[in-house]
Amino acid sequence: MPTFFRDLGHALEWRARGETLRVEAWGADAVRVRAIAGGDLLDGLPGALLPEGPAVPGEPVITVGEHTAEIVNGALTVRIDAGTDGRLTPDLPAAAGRLTFLRTADGSELLAEEPPHFWWPGPRLHTATGNGYHRLEQRFRAYDGERFFGLGQHTHGMFDQKGAVIDLVQRNAEVTIPFLVSSRGYGLLWNSPAIGRVELAATGTRWVADSARQIDYWVTAGQPADVLRHYADATGHSPVLPEWAAGFWQCKLRYRTQEELLEVAREYRRRGLPLDVIVCDFFHWTHLGDWRFDPAEWPDPQAMVDELTAMGVRLMVSVWPSVSPASENYHPMGDRGLLIGTEYGPLAHADWPDKGLGAYSAQVAFYDATSPEARAYVWDRLRDNYLAHGVKVFWLDACEPELKPGHSGNLRYHAGPGLEVGNLYPRENARMVWDGLRAAGETGIVSLNRSSWAGAQRYGAALWSGDIGTTFASLRTQIAAGLNVMMSGIPWWTTDIGGFHGGDPDDPGYRELLVRWFQYGAFCPLFRLHGFRGPEQVLEPSMTGLPNEVWSYGEEAYAILREYLLLRERLRPYLMAQMRTAADSGLPPMRPLFVDFPADEGSWSSAADSFLCGPDLLVAPVTRAGARERDVYLPAGACWTDAWTGQAYEGGAAVTVAAPLDRIPLFLRDGAALPVSGPEASS
């Protein structure tokens, strides 16, 4: 009788029809699944999992039978069906090698592979695209009532993403992190940076890689908090957010000169307002890809940093991965193979304005962040031109990278072909800053990124939601997007408060939006005001938007914004405790209600526009123009106290509460004492 199964001690392997399938214990209550069309599995391919799997409590238990085999790892059991009655026939059914993921405790089904047809193809499909690469498909069964969360950050506005089709590709405001958390009690990481998509349909779930070499995914079992903890163990924990980063970040597009930026920081200090970070945005450079200050506009960076430091303010500088042909680094990097290559045509991936070109744009290249040598080259410029002046915070903008057109199939990276590794870029770009600052002896590292990928949290990589609209609809979208980022293992996230594209500081309607967004931002992991205020302008090096400081929106708005700056300051010790928890356990500081209340159905179904800030504070942003009250669902199993009025409510129902313009509804859990109201707070 032929043998289809092999017991490898730590893993279970199945081989038939030219396919090799391996299920390997990979951390507590988790397994890694890999499959290849023929021959042995490939090690060392780019992915999100750490090089060595986390420790497995106890040894996995493997049982091999005549037609099935199982591997048991804690709470998760995986069964492989050979799809045969013991005879090797030329027509093994499509279910051959089918995987079923079970709860060990009761044997019930968590997740199962599902072939689309009884004969061909099976649940895993390898369609050759040439030279050992395949279009890969992985199919799973659909379940009534299942909900999906995570998958990075998207602008579709959905919180539960069941029914969505998500492109696995990096774009401005569309961030691919291929990790989802299911309401059925499992998490799944698609451990591939390949370009593709995931379809969360009523007829089944399908993951697709357009061109890659092997299927690779990771599954863990447990409640949402368990899943997030296991995921952090498998892909890396974030460091603890440094104290300064929990404060207020001031930004606009853009401060054009050193004196303009300094005068804003001075005004914050004159008004006695908290300020921890101020931002030097794009076009501060001599040429795109020089990675240094233009002395015509920033004549004495050291004096600027020294003055800011004396005020307790850090300078964050915008760093783009683009390299203009006019840059002093373009030809040296091209000669050394440090730019992203192409299969066809020149090393031109986007058109972008640069200084000295007048009305024309440059055809720019991008440095190859997947190359260790290229990362070291760019870091050397950041070290010599920024760190040497005391700049230690970097804004990694346009790090998808921002391709125009987005022809991933034409790209050639150090790590592999563009279709196979393209989503990896933003994580490796963040790694450049992380490795460089650590080598320089720096600690408390934070980079702010416009895109991300699985595992970026281990490199101190924060994420913001990109160039978004300035409407209440956009604000509502950000709440769902931020919570899904939290469910994707990235604990540091923020938005452009007020949105990015437009907004008139003199418009009463926009002032209301700015106030409501600012109130929401005060409870996000990072608290940052940014935007391109005013009408659209031509994209060119001298561009700048209207004022975007807290005093730019009239006296009524300023009084409210000031109070929320002070409220954030009062909550910083509490917020820092949540940041330490995030680093230790993978539990994000801002999270959906069901993470803490998984047994409460209402926490899954009725709370897409509210969230917990740590365990003790429920935040319910106001997201409708003119609204002065709102309904808030309070989870069952706790008593909730209105932080403004002191009224107590038993959980398990929605309540309607007042929300005047100066108030965001806040609720304290089970008598928690947090300094929401201060001596200067609104009543």
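Which elements do the buried residues of α5 pack against? They pack against β21 (314–319), α4 (330–335), β26 (393–396) and α7. That is a good place to start a tour of this predicted model, in which local features need pLDDT of at least 70, side-chain atom pairs count only at pLDDT 80 or more, and totals for chains, interfaces and linings use all residues. Residues are numbered from 1 along each chain as its sequence is written, and side-chain values use heavy atoms, with hydrogens and water left out.

**Two helices**

A word on terms before going on. Helices (H or I, at least four residues) and strands (E, at least two) are DSSP runs, numbered from the N terminus. Buried means under 20% relative accessible area, exposed over 50%, and partly exposed in between, with a 1.4 Å probe and protein chains only. Contact means heavy atoms within 4.5 Å.

The buried residues of α5 are Ala374, Arg375, Tyr377, Val378, Trp379, Leu382 and Asn385. The helix has 14 residues, which at 1.5 Å a residue should span 20 Å, and the 20 Å between its end C-alpha atoms agrees with that. The expected span is 1.5 Å times one less than the number of residues.

Helix α8 (residues 472–486) can be checked in a similar way: its 15 residues reach 22 Å from first C-alpha to last, close to the 21 Å expected at 1.5 Å a residue. Of the 15 residues in α8, 13 are buried, so this helix is largely enclosed by the rest of the structure.

**The largest pocket**

Helix α5 also turns up in the pocket analysis. The largest pocket holds about 580 Å³ of space. It is lined by 31 residues, and those closest to its centre are Gly44, Leu45, Gly47, Leu49 and Pro51. Elements giving two or more residues to this lining are β3 (19–25), β4 (30–36), α5 (372–385) and α7 (425–439). Helix α7 provides the largest share, three residues. Sorted by class, the lining has 14 nonpolar, six polar and 11 charged residues.

For anyone wanting to reproduce this, the search runs on a 1 Å grid over the protein atoms alone: a cavity is a set of points where a 1.4 Å probe fits but cannot get out, whereas a pocket is an open set with protein on both sides within 12 Å along at least five of seven lines, and lining residues have an atom within 4 Å of a point. Grid points are joined across faces, edges and corners, and the volume is the space filled by probe spheres set on the points. In the class count, Ala, Val, Leu, Ile, Met, Phe, Trp, Tyr, Cys and Pro are nonpolar, Asp, Glu, Lys and Arg are charged, and the others, Gly among them, are polar.

**Cysteines**

How many disulfides does the structure hold? It holds zero, a disulfide being a pair of cysteine sulfur atoms within 2.5 Å. For Cys251, the nearest cysteine sulfur is that of Cys280, 9.5 Å away. Cys251 is buried, with a relative accessible area of 0%. For Cys613, the nearest cysteine sulfur is that of Cys524, at 8.8 Å. Cys613 counts as buried too, at 2% relative accessibility.

Cys524 itself lies in the loop between α9 (508–521) and β32 (527–529) and is buried at 1% relative accessibility. Leaving aside neighbours within four places in sequence, Cys524 is in contact with Trp493, Arg568 and Met590.

**Backbone angles worth a look**

Most residues other than glycine have a negative phi, and most peptide bonds are trans. The table gathers some departures from that pattern.

| Site | Angle | Location |
|---|---|---|
| Trp120–Pro121, cis | omega about -5 degrees | Pro121: loop between β9 (109–112) and β10 (124–130) |
| Leu253–Arg254, cis | omega near -20 degrees | Arg254: loop between β19 (248–250) and α2 (258–270) |
| Asp29 | phi near 55 degrees | loop between β3 and β4 |
| Asp670 | phi near 45 degrees | segment after β40 (666–669) |

Asp670 is partly exposed, with a relative accessible area of 47%.

**A strand residue**

Thr68 lies in strand β6 (residues 68–73) and is partly exposed at 33% relative accessible area. Beyond its neighbours within four places in sequence, Thr68 is in contact with Phe5, Arg79, Ile80 and Asp81. Thr68 and Phe4 are 64 residues apart along the chain, and their C-alpha atoms are separated by 9.3 Å.
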